[in-house]
Amino acid sequence: MKKMLPWLITILLAVTLIVVAAFLLMDKFFPGDGNAVNKAVQNVETKKMTADQIVEMTAEIKDIKTNLADPDYILSVDIALQLDSASSKEEFEKIKSIKITPLIIKAIADAKPEELNGASGKDQFSSKLVNIINKNLTEGSITQIEFTKFILAQM
């Protein structure tokens, strides 16, 4: 019996490791439909807004021109920023030239020209701007950013 004890312990340990590995990998091989994120996304209803509501909640920052991370490139943009409410827009208008525009210039200065190519590059950059600006707003949040002018040129 003493000779078999190490073998029994090894077999029990191996079976235990296989069960633990199967438990940890179960979600990868059998993804469940109960994912909380998927449920939350499916329950989101988009609110259709009128043109007047969009104008009421949208602020513009025009004529930003600055170099990218590569100093051989310059970007000139006009940006329309849609906020979550009219009162948020009022607060935004108060700080846009002294706080928001410098944040946008810094974000552009960190960007590389290849990061801004194509629609997906512009979408990723606008998502980055939303995250940066929302952290610095005093009230409300930005819900959408659109580039109304976007000129990337090599100097």
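**Exercise 1. Find which residues form the nonpolar patch on the surface, and place Leu-25 in it.**

Solution.
Step 1. Know the rule. Patch residues have over 30% relative accessible area and no salt bridge; like charges are joined within 9 Å, and nonpolar side chains (Val, Leu, Ile, Met, Phe, Trp, Tyr) within 5 Å. A salt bridge puts a side-chain nitrogen of Lys or Arg within 4 Å of a carboxyl oxygen of Asp or Glu. Accessible areas follow the Shrake-Rupley method with a 1.4 Å probe, and for residues only the protein chains shown count as cover.
Step 2. List the members. Val-20, Phe-23, Leu-24, Leu-25, Met-26, Phe-29 and Phe-30 make up the patch. Together they have about 810 Å² of accessible area.
Step 3. Place Leu-25. Leu-25 belongs to helix H1 (residues 5-29). Its relative accessibility is 39%, so Leu-25 counts as partly exposed. The classes are buried (under 20% relative accessible area), exposed (over 50%) and partly exposed (in between), with a 1.4 Å probe and protein chains only.

This is a predicted model: local features need pLDDT of at least 70, side-chain atom pairs count only at pLDDT 80 or more, and totals for chains, interfaces and linings use all residues. Residues are numbered from 1 along each chain as its sequence is written, and side-chain values use heavy atoms, with hydrogens and water left out.

**Exercise 2. Decide whether Thr-101 counts as buried or exposed, and name its contacts.**

Solution.
Step 1. Locate Thr-101. Helix H4 (residues 86-110) holds it.
Step 2. Classify. Relative accessibility is 17%, so Thr-101 counts as buried.
Step 3. List contacts (heavy atoms within 4.5 Å). Setting aside neighbours within four places in sequence, Thr-101 touches Ile-61, Ile-64 and Lys-96.

**Exercise 3. Work out how many aromatic pairs there are, and describe them.**

Solution.
Step 1. Apply the rule. Rings of Phe, Tyr and Trp (its six-membered ring) pair if their centres lie within 6.5 Å; planes under 30 degrees apart are stacked, over 60 edge-to-face, the rest tilted. The count is two aromatic pairs.
Step 2. Take Phe-125 and Phe-147. This pair is stacked, at 6.2 Å centre to centre with 20° between the planes. Phe-125 lies in helix H5 (residues 118-136) and Phe-147 in strand E3 (residues 142-154), so the pair ties together parts 22 residues apart in sequence. Helices (H or I, at least four residues) and strands (E, at least two) are DSSP runs, numbered from the N terminus. Phe-125 is buried, at 6% relative accessible area.
Step 3. Take Phe-147 and Phe-150. They pair edge-to-face, at 5.2 Å centre to centre and 75° between the planes.
Step 4. Join them. Phe-125, Phe-147 and Phe-150 form one aromatic cluster.
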